[in-house]
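Visitor: Please pick one strand of this model and look at it closely. Start with the strand itself, then follow its contacts outward to whatever else deserves a comment.

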Amino acid sequence: MTTASNARVFISATHDPRVNLAIENFLFRTLSKFNTSHCLFLYKNSPSVIIGRNQNPWRECNVPYLESHNIPIVRRFSGGGTVFHDHGNYNFSVMMPRQQFDRDAYIQLLVPQLNRYAGNDKLFVNERHDIVNSSNQKVSGSAFKLVHSHAYAHGTMLLRSQLASLSQSLRPSYIGSIIGRGVESVRSPVANVEWLDDHSFEDSAIQAFKAFAKIESEPLPVFQFSSFDEFFNRCGDLSLRDDYKLLTTNEWTFNQTPKFEHKIPKDNGHISVMVDKGQIVEINDQSVRKNDFPLPLPYHAEEVEKYIPTYGPIISQAMKN
Amino acid sequence: MLRLSRFAAPTVNRLVSRSIAPAASRFYSISIPESSPVRKYGSGDIKLRFSKDHEWLALHEDNTAFVGISEYAADSLGDLVYVELPEVGTTVEAGDSIGAVESVKSASDIYSPVEGEIVEVNEQLNSTPGVINKDPMGEGWFVRIQLANPNEIDSLLDDTAYEEFLAENSD
């Protein structure tokens, strides 16, 4: 039996994706320290692309477009595929003891709460642990993390997201093919839940959380914060800064990508560009093998153009399209 | 050493905690199969230990230990689709991350239960991560570690203690 004293609810009013993901990870890491069995964290991010723990950002999204529009790419700690976040998308994260981990348990409680507002367009949980509308369009995607004796299930909820930006951001730009290990996203048609407002979503998420954590009647304190510093001052734990710092590094976002090969069509064959830890480590041409350029080099169009006179233009073009 | 720590736990407590374990709780195998490459590596005694993070460790007489995730951990993750292995030669402290696994949209980190150096990784997992689900204490081993201090395994759980830990944590 959970009591209000070991279940917590946090609502973030800051929209920096790195801050919110750092706080989410911090809350998850410190559940035992703060004697918490269950935690609900609600947050929205400014426009950003959030990739799964074991994904290749170049395969999943339009890196040059995102760079030129100052839309950050952030590698999260949970598994699963790539999602687009903006102010019209609400994120929920539910942390629980590992033995209670179930991919659907929380959203199965959330959906009936949401459907109180639904009219005819009811929502459903599908076999991929996502929430879909009556036209089978995805309105919420989920991902999970299990560490030590805890787990979390988190998800997106499309309410008033800019779907044109979403599809542009998630359309990869490369020419040729990217081959490598790592997790590939499953692409699905998406839609907003037009009939749901932020307040109704928050209320539904909290009601479902109370049912999930088996909290009967007690009022549940909700902690709201509006900046990293406010949260940091309240928790007073320096390690939170490390969570944040990691999420801002290229090492984590890009170089963590599993080794891959970018095959670029050329004449009747192709050039093979091998990339490990975000660095080009080898370039092979079918006919010639040349090593007259400095490797490793970052897998980045500008670097390639600058340092590889022979293959630079064709490779950078294949990255930018 | 093995027997001492193994029988150190008071028998009475063990019986009590077993009797309160739910009858319906799933049975998890916590022994190394006869056919396991972990067993075939050496001919001497193997000391088997577990961490509360659900990793197992099998220490051979040459003070290297195979490490993997337990059947409980593999089961709670579901079918694995991706494994990130550490590099051979990496030195690690107990509790350091030595890799990651992913199943149906679920990521999990693997931690080293001991201090030491990674001397071998199971490359087969790169192409067939699902082996961990099928044979977590056999073909699904993760890494082999040269222990800095073999006595460190005394701080881990033996099979009986791990069984109790599972029973207490599966209500």
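Guide: A strand here is a DSSP run of at least two residues, a helix is a run of at least four, and both are numbered from the N terminus. By that naming, the loop between strand E2 (55–59) and strand E3 (64–69) of chain B holds Asn63(B), for example. The model is predicted.

The strand to look at is E10 of chain A, which covers residues 142–147. In E10(A), 6 of 6 residues are buried. In a regular strand the side chains alternate between the two faces of the sheet. For E10(A), Ser142(A), Phe144(A) and Leu146(A) lie on one side, with Ala143(A), Lys145(A) and Val147(A) on the other, and both faces are covered. The charged residue Lys145(A) is thus listed among the buried ones.

Strands of a sheet pair through backbone hydrogen bonds, either parallel or antiparallel. E10(A) takes part in both kinds of pairing. With E11(A) the sense is antiparallel, over 6 bridges, and in that pairing Lys145(A) faces Tyr152(A). The two strands form a hairpin with 2 residues between them, where His148(A) has a positive phi near 50°. With E7(B), a strand of the other chain, E10(A) pairs in the parallel sense over 3 bridges. There Phe144(A) stands opposite Ser106(B).

The surroundings of E10(A) include enclosed space. Rolling a probe the size of a water molecule over the atoms shows where empty space is left. The model has 3 cavities of 30 Å³ or more. The second largest, at about 50 Å³, touches E10(A) directly: Ser142(A) and Phe144(A) are in its lining, along with residues including Phe92(A), Arg103(A), Tyr106(A), Ala153(A) and His154(A). Two or more lining residues come from each of helix H4 (105–115), strand E10 (142–147) and strand E11 (150–158) of chain A. H4(A) gives the largest share, 3 residues. By class, the lining consists of 6 nonpolar, 3 polar and 2 charged residues.

His129(A) also belongs to that lining. Its place is the loop between strand E7 (124–125) and strand E8 (131–132) of chain A. Most residues other than glycine have a negative phi, and most peptide bonds are trans. The phi of His129(A) is positive, near 65°. The relative accessibility of His129(A) is 16%, so this residue counts as buried, the cut-off being under 20%.

The parallel partner, E7(B), leads to the other cavity worth describing. The largest cavity has a volume of about 70 Å³. Of its 13 lining residues, the ones closest to the centre are Arg98(A), Asp53(B), Glu55(B), Ser108(B) and Asp109(B). E7(B) supplies the largest share of this lining, 4 residues, and helix H4 (71–77) of chain B also supplies at least two. The lining divides into 7 nonpolar, 2 polar and 4 charged residues.

Elsewhere in chain B, 6 strands make an open antiparallel sheet in the order E1-E2-E3-E9-E8-E5. Strands E1 (47–50) and E5 (91–92) of chain B each have a single partner strand, so one side of each lacks a neighbour in the sheet. Within the sheet, E3(B) and E9(B) run antiparallel and are joined by 4 bridges, with Val67(B) opposite Val143(B). The loop residue Asn63(B), which sits between E2 and E3 of chain B, has a positive phi of about 65° without being a glycine. Unlike the buried His129(A), Asn63(B) is partly exposed, with a relative accessible area of 30%.

Two further points concern chain A. Helix H1(A), residues 17–29, spans 18 Å from first C-alpha to last, close to the expected 18 Å. Of its 13 residues 11 are buried, so H1(A) is largely enclosed by the rest of the structure. At its start, a side-chain oxygen of Asp16(A) comes to within 2.8 Å of the backbone nitrogen of Arg18(A). The other point is a cis peptide bond between Leu295(A) and Pro296(A), with omega about 0°. Pro296(A) lies in the loop between strand E16 (279–285) and strand E17 (297–298) of chain A.

Notes: Residues numbered from 1 in each chain as written. Chains lettered and ligands numbered in written order. Predicted model: local features only at pLDDT ≥ 70, side-chain atom pairs only at ≥ 80, totals over all residues. Heavy atoms only, no water. Expected span 1.5 Å × (residues − 1). Buried < 20%, exposed > 50% of the residue type's maximum accessible area, 1.4 Å probe, protein only. Polar contact = N/O pair within 3.5 Å; in protein donor to acceptor, adjacent residues only side chain to side chain. 1 Å grid on protein atoms, 1.4 Å probe; cavity = no way out; pocket = protein on both sides within 12 Å on 5 of 7 lines; lining within 4 Å. Points joined across faces, edges and corners; volume = space filled by probe spheres on them. Nonpolar A, V, L, I, M, F, W, Y, C, P; charged D, E, K, R; others polar. Pairing = 2+ DSSP bridges.
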